[in-house]
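Thank you all for coming. I would like to spend a few minutes on the aromatic rings in this structure and on a pair of packed helices, so please have a look at it first.

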Amino acid sequence: MTTFVIWGEDDHAVRAKSLATAYATTAASIKDKPKTIAGLDKLAFWGHGDTTSFCGLSPDNFVACVGEWRKKNPGLTTVEMLTCNARHKQTNTDSYTDKVITALTRKQSRSADMVKFRALPVATTKSGKTCDWSILKWHPASATWAYVAAPTKHVTNREDKDMHDAVVMLENFKTPRGSVEGYRLAFAAFSALKVMTPAHPYAIKYKLDAAKLEEFNAKLNEVKNDAYIMAGTLGLLRWLLVDIK
């Protein structure tokens, strides 16, 4: 049983190669043609994503690409999709993965339809809101990731503001702003903190007065309730994925 990792845009090559190391395999660009690989049963794609494109491919073209891989590797059973935003609608009616499911219903997609597609979950906040935006952050030095999502912020041209605010809050605990290395430990520190006090190392480092502490704690509470954050090591990323069909 073999996994093969494929990166989309060139700026995802390093993380794809690191993922391949975690999976004890190799990686290549999506620009390379599908090939026969002994024992291949899983493909893991990692690239940029939004409602219209993933790894530089439209939903129809992505499904066609998977179909070409399966023609050369009949044992291919699973495709993993690692990216930002593909599970969420942003301000549109359908997400990228919604469109992939539609594409799989077409006759020309029969080969790809034999494959199970898996992706990051549609994120839901603690307060019960379904998120519209997501980002998959990557920290090379620690080989850790963070999946951060939030609903739409109704601000002109900044609809993903709450998502980015959640990223900032998480990274307050990660070096260089915070004191721990990587997203996994930063997530643990974020999760454990209920209220920041004047004695907290971050408060001391940045000389937070009473007003700044109140502001920080209000944002901390907002992120905990109205955003979604998950983080871990590369080896754990696969276990966060869910079937999309």
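Let me begin with a cluster, in which ring pairs link Phe 45, Phe 54, Phe 62, Tyr 96 and Phe 117. I should say at once that this is a predicted model, and that a search of the whole structure finds 12 aromatic pairs.

One of these pairs is formed by Phe 173 and Phe 190, edge-to-face, with 6.2 Å centre to centre and 70 degrees between the planes. Because Phe 173 lies in the loop between α4 and α5 whereas Phe 190 belongs to helix α5, the pair ties together parts that are 17 residues apart in sequence, and both of these residues are buried. The pair of Tyr 202 and Tyr 206 is tilted, since the ring centres are 4.7 Å apart and the planes stand at 45 degrees; here Tyr 202 is buried, at 13% relative accessible area, while Tyr 206, at 34%, counts as partly exposed.

Turning to the helices, α4, residues 161–171, packs against α5, residues 182–192, at an angle of about 95 degrees and with the axes 8 Å apart, which means that α4 is roughly perpendicular to α5. Met 169, Leu 170 and Glu 171 of α4 make this contact with Tyr 183, Ala 186, Phe 187 and Phe 190 of α5, a set that divides into 6 nonpolar residues, no polar and 1 charged.

Tyr 183 also has the charged end of Lys 174 over its ring, 5.2 Å from the centre, and elsewhere Arg 238 lies over the face of Tyr 23, at 3.8 Å from the ring centre.

Definitions and conventions: Residues numbered from 1 in each chain as written. Predicted model: local features only at pLDDT ≥ 70, side-chain atom pairs only at ≥ 80, totals over all residues. Heavy atoms only, no water. Axes fitted to C-alpha atoms, helices over the stretch in contact; angles between N-to-C directions. Helix = DSSP H or I, 4+ residues; strand = E, 2+ residues; numbered from the N terminus. Parallel < 35°, antiparallel > 145°, perpendicular 65-115°, else oblique. Contact = heavy atoms within 4.5 Å. Nonpolar A, V, L, I, M, F, W, Y, C, P; charged D, E, K, R; others polar. Phe/Tyr/Trp six-rings, centres within 6.5 Å; stacked < 30°, edge-to-face > 60°. Buried < 20%, exposed > 50% of the residue type's maximum accessible area, 1.4 Å probe, protein only. Lys NZ or Arg CZ within 6 Å of the ring centre and 35° of its normal.
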